[in-house]
Structures are given as C-alpha cells and as structure tokens.
Amino acid sequence: MLQFDILGFLASWGTFLGIYAILSISLNLEVGFTGMANFGKVAFYAIGAYLGAIISTYTILAIHNISSPPYTTEGIIALGRYGGENPALTVGLFVLSLIIGFIVAGVVGYLLTYPTLRVGPAFLGITLLSFGELLRIFLQNYEPVGKTNGIAGIPHPFVWVANTALRDWLYVIVVLGILAIVYLYAQRVVNSPFGRVLKAIRDDETAALCMGKHVPRTKATVLFIGSGFAGVAGVLMAFYLSSVNPNMFVTTVTFNIWAMVILGGLANNKGAILGAGIVTFVDRILTFVTPNLGITAITPDYMRWMVVGLLIVLVLMFLPKGLIPEKPIDTPVWKAVRKLLKEEVNGE
Amino acid sequence: MINPNQILTMVHIGLIYMVLAVPLTLSYKTTKIINFVHINFITYGAYMAVFLYSVIGLKNVFVAAVAAFLLGGMMAVIDNVFVFEPLRRRGANVVILMIASLGLWIFYKYFLYSVVDAASRVIKVNLVSQLIRFENFPSLYVGGYVVKGSLLMTILFSFLLMGLLYIILQKTAIGKAIRAISDNPGLAEISGIPRSKVLNFMWFLAGGIASIGGMLWITYAIATPEVGDTLILQIFAIAVIGGLNSLLWTSVGAFIIAAAETIGMALLNQYFGVPTSFKPFITFSTLLTVIIAFPPLGAGGGLPYRFIKKRRGEK
C-alpha cells in the first residue's frame, strides 16, 4: 500500500520549489539574459549555506558560553537544548544570515569576474566550474566547518512554534515570499534599460561595446546579483535542512539548476520558475514514493541524474526555446505600438 | 629537499596529464566545443580496464589499451554524430554546445555508476574502488630507487600516443585536413575537405587517446567512477595554460601542473607547513595566474580591459 502524506509533500515541495526557483532565476539572469555560462552556481549556493550555518550555530554557542564546536556531538546537543529558547534570537539570526549570505556570495562572484571577464565564455565556464570543485574540497578539509561531517544543529527560525506542520508551513510562506521578491526584482531588471543592455551583450558583445556600453562592468554587476541570490537560496536551504555538509554541494547540483533553466526556456523568468517547479516536483515525488516501491535493481538516484542529463540534451535538440519561449521586452513604447497595431488590424 | 622519488612521481603524473589534456585541446581547437564528455572518456577508459582485469581476468595491458581506445573513440564519434553535428547545423552557439556536452557528461557518469553497481552485485566484487596492477611491466630497481612498472608503461604509452598524434597531424593528408578545419572551417569546406568525416576521425582520435590516459591513470591511482571528475581541475588548468590552442604548450602545461602538485606542494609543506590536502589550491591559483597574465585577445570576450583603459586614457 502506498502511504502518502499529501500535506507534508506539499510543504516539502513548496520549500524546494522556492529555493530552486530562486537559483534558476538567478542563473537565468546570468546565462539567459547576459550569455555568461556560469558552471559554478553551486559554489555561491554553498557559500550562502555555510555562512548561514556558521553564523547561527556559533552565535548561539557563544551566547551560552559553550566551547565545543557545532560539529561535535556535545555542540549539537547544546544547540538542540538552547536553540529554541529565544524566538527573537532565532529569527534575528535567520534574517542576519540572509543579508550576510547575499553580500558575501555576491562579492565573491564580483571578485571572480576580475580574471574571467577578459577571456571568452569557455574560460569563464571552466574557471567557475573549477572554483566550485575547489570550494568543496576546501570545505572537506577545513576544520572549523566540520570537514566531511559538516555542521549540524542549525536552529529552525520557527523552532518556537510547537506544531511541526505549522512550523513547516510558516517556512514555506517565508521561502515563497522571498521568491516573490526575487521574481519581481528580476522582472524589473530585465524590463529596464539595463535589461536591454544585457540582451545586447548576449547577442553581440562587440556591438554593445561599440555603442558605448561598459561590457565588463555590466557583466560583473549581473554576476554580483546572481551570486547574491544563490547565496540567499543557500541560507534558506541550510535553515530548512538544519545541517550542511560538503557532499550537498557537488558539481551535479549546478546541472540540476541548468536543466531547470533550459527546460523552462532561456531568458524568461516565468520559464525559470516553471522549470524549477517541474524538476523539483519529480524529485520530491521520487523521494516520497521510492521507499514504498522497494526497487533495488537500479539505484533511483542514478536513474534520476541520468534523466536530468538526457533532459538537458533532448530539450536543447528538440525544444531549443524551452517550454515558454523568450518574449520581447515590455517597454511603454512597445505597449503603445502593439495597441496601435491591434487597432489598425481591427479597423480594417 | 627534493628527493628523487618526487621527480619520478612528477614525470609519471606529468606524462599522464599530457595524454589526458592534449586531446581536449585538440578537440577544442578543431570544433570550438569545450567538451565535458572528455571526463567520461577518461572514466570509461579506466573502467574498460577494470572490467577486463577484474571481471574477465585479462591482465594484458595492450589488450586493455586497444579496448579502451575503441570505446572512447566510439563514444566521441556517437556524441558528434547524434548531438554536436545536429546542433551545429542548426546554428547553435558555443554556450549551447557546451551545455549539451555537460548534459551528456552527467548522463554518461551516472550510466557508468549504475552499470558498475549492477556488475558489482552480480560478480560480488566491489568494482567501485579497484586497484589495478598489470603484469606486463615489472618494477625496476636502479641504485636503491624503485622505478615502478606503471611508470615504464606510462612512458611507453605516452611516447607512442604523442608520436602517433604528431605523425597523423603533421604528415598525413587527414591530419592536414584537421589542421585546416581548425584554422578556418569555412575555407576548408570550400576547398573540398569532407568536414564531417574529418571531424569524426578527429573525435575518434581524441576520445581514444583520452581513454588510454584514463587507463594509465588508474595504474597510478585507485579506480572509482569519479576518477575523471577528480581530474577536472588539473586537466582544465593544463588546457588553459595551452590557451586551448597550442598542443605543445598544453604538453608543457602538463609538466608545470605536475611539478606544482608534487615538488611545489612538498616544498610548501616542508617550509610553510601547508597541509597536503590543500593541493588543489595550487592548481587553481596556477589557473587564475595564467588567465590574469595572458588573457587571450578578444576570444569571444570582447576587447580586453587594457585596450579599454588605453582608449580612456587618451581622452
């Protein structure tokens, strides 16, 4: 018999959808609108997640004068005991982590553009991919972040709410609220004159340069925004799972986000959310259903990644514009012209 | 101080890096695709050897090398015929081709994982981490130092493969056609070079050589389905030193990275107490240094900064 907790599933899907949609919107800003192949998305996501973990756990331990670090058993037990004591502190730490996560991830992205923007898209992709791998190896070997064990016992921001279902739903609302802010911001960016500069850079960089647009600075700005949002998504994931470890941030996570963006359609924010929705839905369904199926012949995790890989290739070959194709930018002039054209057609 | 064993290790991994990175540069130079499937060529070549060695029990390195070459070559040709050529014919740009190769990478990687998983379960031998020692080359003892059999094997194969590549590219008609396509694809096609056939041959060669590189690597290190992924950083750093353009500089880069990782790491460890687990940082900083010091002029990235600065300064 299949046992299926529909509300639990929806809460879990809502959280994952929100977090991955933030990631895919930010990747879409970089690759869809500006044409920068960012293969190191996971690095900025990891920076956000680890910052959230470090800030929240170390602060609580420091307040209670506990010397054992958060990756030891004593530290985790202490965090479990003191984590829920003060609602203002847990929420405050959550908000602080979001802000610091955005700024630090963004600044790292901005700094990485210095060596990479002067070279071609191929080199940018390679460097960012290598940076992601490097960061994971660093996290695996650095003592204060718990090496391969990672950090556990991150206090849930709503841990003081007694009802666990309500707690999860509150978190879903927060995540979807942040997604809404990110979406509105991205829509505003791409429909502004700055958004038109981005598309110009994507379509012909030399032409944009000759029109007097500062190509490297624009690209660096976009990478700052995109990386910052990825950092925010990382913070949200760390507080949701309440633990982080280096194996969460392997290169394949980046490709998951790429699959979402390509499936939904490049240069389209709605498409990015749709792609994230589809991929996370399938992912969550598999997670909830697999334990009941009892399949052992092929590990479902490998199947899942094979499907993601095939999906990228097949969509690129047979549906190059994605599910929702790119639309022209909504400017006031274009709206007026469209209205005039419609009137003319109707008039005839 | 540097001890002779470190120099031997440097030569060993330098030669393997050369065999691994030169085909990547060759394929990028000819087709302008950053081919992430290259990582799968390495892993599949390694696992061809593992299957022959552990499942079938064939312990002859030459058979394993030929099998790995054929497997890697076939994979490369299949990718080209079914994915890269159709995309290119549609007019896809560099980024799209790069993403397509990325999708193939992840597919091949987890396909191998499931095959290895299933095979391990059937024959009840853990294939996920295997150590392979072929019996064709015994170790030599020279003046108190051990020269490993795998080093001798690496020397033989790398010289053989690089010699073969040199002769094909420089002396034969098809090699000249490959170089013509990499210089100017349009002009090459107008001159009557059958482009898709030549490219298929080039892919076969690149995939095959990288696969043999993978086989050589697992005679030095342990074979896991992640073996290609662990080498990403090094191979790309080497290819960047070669500017993704010059085969000679790629070979030099292989030895630069190998030296930095063995001798450089040992010196840093000895004099500054840097832990050896921080080896990837040396590789990454080499990559960044190369990119900062020698930006390829206008390689799809617009004008380099220094020209913009100069132009502003004149105003």
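Two residues are in contact here if their C-beta atoms, placed from the backbone, lie within 7 Å, and that cut-off underlies the stops of this tour through a predicted model.

Begin by selecting both chains and showing the residues that meet across the interface: 43 residues of chain B are in contact with 41 residues of chain A. On the chain B side, colour helix 3 (61-89), helix 4 (94-123), helix 9 (232-241) and helix 11 (279-293), which are the elements that each give two or more residues to the surface touching chain A. Helix 4 of chain B deserves its own selection, since the largest share of that side, 16 residues, comes from this helix. If you then recolour the chain B side by class, you will find 36 nonpolar residues, six polar ones and one charged residue.

Next, hide chain B and look at chain A alone, which has 13 helices and two strands. Its radius of gyration is 22 Å, close to the 20 Å that the globule rule gives for 348 residues, so chain A is as compact as a globular protein of that length. Along the principal axes, the C-alpha atoms of chain A fill a box of roughly 75 × 50 × 45 Å, and buried residues make up 50% of the chain.

Finally, bring chain B back and centre on A:Pro115, which lies in helix 4 (residues 87-116) of chain A. With 19 other C-beta atoms within 10 Å, A:Pro115 is partly exposed. Leaving aside residues up to four places away in sequence, A:Pro115 touches A:Thr127 as well as B:Leu288, B:Ile291 and B:Ile292. The C-alpha atoms of A:Pro115 and A:Thr127 are 9.1 Å apart, and the two residues are 12 apart in sequence.

Note on methods
Residues numbered from 1 in each chain as written. Chains lettered and ligands numbered in written order. Predicted model: local features only at pLDDT ≥ 70, side-chain atom pairs only at ≥ 80, totals over all residues. Helix = DSSP H or I, 4+ residues; strand = E, 2+ residues; numbered from the N terminus. Nonpolar A, V, L, I, M, F, W, Y, C, P; charged D, E, K, R; others polar. Rg over C-alpha atoms; globule rule 2.2 N^0.38 Å. Buried ≥ 20, exposed ≤ 12 C-beta atoms within 10 Å, placed from the backbone.
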